[in-house]
Amino acid sequence: MPEQPPYDSEGAVAGTGMGGAMDLAASEATTLERAPGGPEGPQGPEGPGGREDAEGAGPAAGRPRSLWSDAWRDLRRNPVFVVSALVILFLVVIAVWPSLIASGNPLTCDLARAQDGPAPGHPFGFDGQGCDVYTRTVYGARASVTVGVCATLGVALLGSVLGGLAGFFGGTWDGFLSRITDIFFAIPVVLGGLVLLSVVPGNTVWPVVGFIVLLGWPQISRIARGSVITAKQHDYVQAARALGASNSRILLRHIAPNAVAPVIVVATIALGTYIALEATLSYLGVGLKPPSVSWGIDISAASPYIRNAPHALLWPAGALAITVLAFIMLGDAVRDALDPKLR
Amino acid sequence: MTIIDPTDAVPAPRSGDGDKTSPLLEVRDLHVEFKTREGVVRAVNGVNYSVDSGETLAVLGESGSGKSVTAQAIMGILDMPPASIPKGEIRFFGQDMLKMSGEERRKLRGARIAMIFQDALSSLNPVLSVGFQLGEMFRVHQGLSRKQAKAKAIELMDRVKIPAAAARVNDYPHQFSGGMRQRIMIAMALALEPDLIIADEPTTALDVTVQAQVMDLLAELQREYRMGLILITHDLGVVADVADKIAVMYAGRIVETAPVHELYKRPAHPYTRGLLDSIPRLDLKGQDLYAIKGLPPNLLKVPSGCAFNPRCEKAQDICRTDLPPLVPVTERDGTELPGRASACHFWKETIHG
């Protein structure tokens with residue numbers, strides 16, 4: 001068995017055409033794939049003695065350490081992870097129960113107070129329609145988180161199943177799928193969104209989620225395909241085959257756990273970019289439409305008044321930026337934990 | 001998943017020494033090719049060998065001589081394409097495995113024929129505990145529950161002399177030393193007490209003292225279970241202790257076969273002689289170590305005639321034109337030497353001269 005796979009190591013995870021953050025995600029996926037020894041973990045070579053160090057009171061106490069328990073241990077100590085996880089946790093909570101911290105109704109507006117600055121009970125001031133910016137910013141999290149989470153789940157499932165099968169079986173099916181992903185990559189995201197979503201009626205998040213899944217799966221599919229191809233070369237896969245394991249067992253038990261790390265990392269980072277994409281589409285008027293509450297809509301509505309009432313723009317935009325940043329940082333921390341050699 | 005009755009897949013049951021008509025494994029005129037961008041690589045060109053129960057066949061050869069490819073063809077784990085088997089038979093208890101369906105072969109793998117790989121670290125899945133991987137054998141082939149499989153895994157680890165097996169069953173491969181990992185590989189291969197084990201350079205990645213332990217263990221377990229063993233190696237020292245017979249491969253062909261001690265005493269092929277002469281010896285301390293000149297041939301363009309001719313000291317014109325067949329080797333007076341054959345035009349000169 002050749003140690004290096006015959007594939008071009010640069011090419012296993014290809015560029016995505018999704019722009020900056022996605023290329024960042026893809027490059028991280030590549031570095032994850034390049035380190036087959038990664039699973040050894042930081043304590044890898046020290047053998048049985050290494051287990052005697054402070055195990056702490058964690059759930060893994062007294063148990064041998066797998067890649068995942070090592071990664072979890074690293075993550076808990078990583079301040080970047082802790083901060084971004086707390087931000088994300090907070091976002092999820094206010095997405096589910098916005099009334100916890102915002103008592104008002106985002107749709108109750110008073111034109112008389114349009115563009116007013118902060119006032120008692122209205123810390124962020126009022127937007128162009130006289131709506132309370134604080135309440136709308138809090139309620140806007142729901143649309144963003146829903147779109148981000150659902151789209152990421154859809155993309156990750158569809159992409160990793162299709163890409164994983166293509167990478168594992170290869171041949172015609174692989175070639176066919178690769179050409180399809182090429183075609184999808186050729187579709188400009190924003191233009192595609194403008195065209196497709198403008199013809200879809202309704203005012204729910206689901207057309208947006210569907211659109212993101214449709215355009216997003218090829219990216220995960222490529223990464224899953226690349227990492228399955230890399231994992232497939234490993235001797236233990238051949239060993240499993242030599243000991244009589246079936247294809248499905250090899251794929252699920254032996255390849256999937258070794259190939260899933262890049263997918264997790266890219267999906268986490270992608271989640272942030274999907275939230276940004278939702279805001280972009282809503283800003284352009286093809287994502288969510290009023291009376292839905294979304295950061296994109298608010299940013300769009302506030303942009304004409306940026307000189308008179310910058311606060312109406314800055315608060316939702318800031319919330320959006322922090323959310324996207326939190327997910328990208330989380331993905332980054334996860335990558336570091338899964339690939340300790342890179343630090 | 002149902003429990004697979006071992007008599008299901010192949011008619012002949014495990015027979016201690018009953019059925020003598022067909023050997024445990026017989027490879028006949030096996031050819032394996034790889035299609036590459038540069039052309040067709042003929043990695044195996046008509047290999048014949050056979051192994052009986054309780055017998056150890058050592059397949060010896062340099063890198064690229066086709067010994068591992070032959071083993072992978074027997075296991076049925078060659079990636080096809082790019083590999084293909086244009087010709088040949090691999091008979092297991094008399095049944096040609098190349099004619100079986102993929103599913104039939106899969107059921108044989110692990111249960112009846114198992115393989116030990118060279119590099120135990122890369123052959124064990126880093127994210128699964130060794131207990132899980134050992135137990136997988138029982139779960140896949142016998143449909144045992146997780147718990148039963150784990151008990152069996154501990155038993156096996158004891159069997160291959162891993163200390164504190166019960167405590168270490170949940171450890172991951174990286175927590176074991178190289179020798180212990182190789183023991184785990186051996187345990188995995190032995191799990192279902194197969195009829196045949198193929199060990200592909202099982203000790204290459206180990207240091208010399210551990211090598212000896214692992215080989216001893218393998219030989220002991222083989223005797224105990226009366227398995228056939230194909231030992232693929234390039235280490236003549238390893239071979240001498242455990243093998244019954246030897247097949248020397250060069251450029252995808254067998255160039256010499258012999259019972260183990262015969263071969264060391266009187267090689268009948270210049271290549272074998274070269275290999276033996278290049279073993280460091282204490283009594284020749286201080287002298288230059290002999291080495292066979294040149295490199296193994298590029299399998300894309302194997303030299304015409306005898307593939308060894310460019311490196312052979314005895315090469316004559318006939319070696320460059322005619323491919324020598326594998327012929328039985330006899331004593332000077334014509335008495336047969338059982339099990340011996342050589343593919344050299346000048347075997348007489350080599351063995352007797």
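Here is a short tour of this predicted model, moving from chain A to a surface patch and then to a cavity.

**Stop one: chain A.** Select chain A and colour by secondary structure. You'll get 11 helices and zero strands, so don't hunt for a sheet: by DSSP runs, the pattern along the sequence is α-α-α-α-α-α-α-α-α-α-α. Now colour by accessibility: of the 343 residues in chain A, 52% are buried.

**Stop two: a greasy spot outside.** Select F90(A), V92(A), V96(A), W97(A), L100(A) and I101(A) and turn on the surface. Together they make a nonpolar surface patch with about 580 Å² of accessible area. Pick out V92(A), which sits in helix α3 (residues 79-96) of chain A. Is V92(A) buried or exposed? Neither, quite: its relative accessible area is 34%, so V92(A) counts as partly exposed. That value also lets V92(A) into the patch, because patch members need over 30%.

**Stop three: inside.** The model has 11 cavities of 30 Å³ or more. Head for the second largest, with a volume of about 100 Å³. To find it, select A240(A), L243(A), E136(B), M137(B) and M188(B), the closest to its centre among the 14 residues that line it.

Which helices should you show around the second largest cavity? Try α8 (235-242) of chain A and α5 (130-142) of chain B, since each supplies at least two lining residues. The biggest contributor to that lining is α5(B), with five residues.

Last, colour the lining of the second largest cavity by class: eight residues are nonpolar, five are polar and one is charged.

Terms used:
Residues numbered from 1 in each chain as written. Chains lettered and ligands numbered in written order. Predicted model: local features only at pLDDT ≥ 70, side-chain atom pairs only at ≥ 80, totals over all residues. Heavy atoms only, no water. 1 Å grid on protein atoms, 1.4 Å probe; cavity = no way out; pocket = protein on both sides within 12 Å on 5 of 7 lines; lining within 4 Å. Points joined across faces, edges and corners; volume = space filled by probe spheres on them. Helix = DSSP H or I, 4+ residues; strand = E, 2+ residues; numbered from the N terminus. Nonpolar A, V, L, I, M, F, W, Y, C, P; charged D, E, K, R; others polar. Patch = residues over 30% accessible without salt bridge, like charges linked within 9 Å, V, L, I, M, F, W, Y side chains within 5 Å. Areas by Shrake-Rupley, 256 points an atom, 1.4 Å probe, with all protein chains shown as cover. Salt bridge = Lys/Arg side-chain N within 4 Å of Asp/Glu carboxyl O. Buried < 20%, exposed > 50% of the residue type's maximum accessible area, 1.4 Å probe, protein only.
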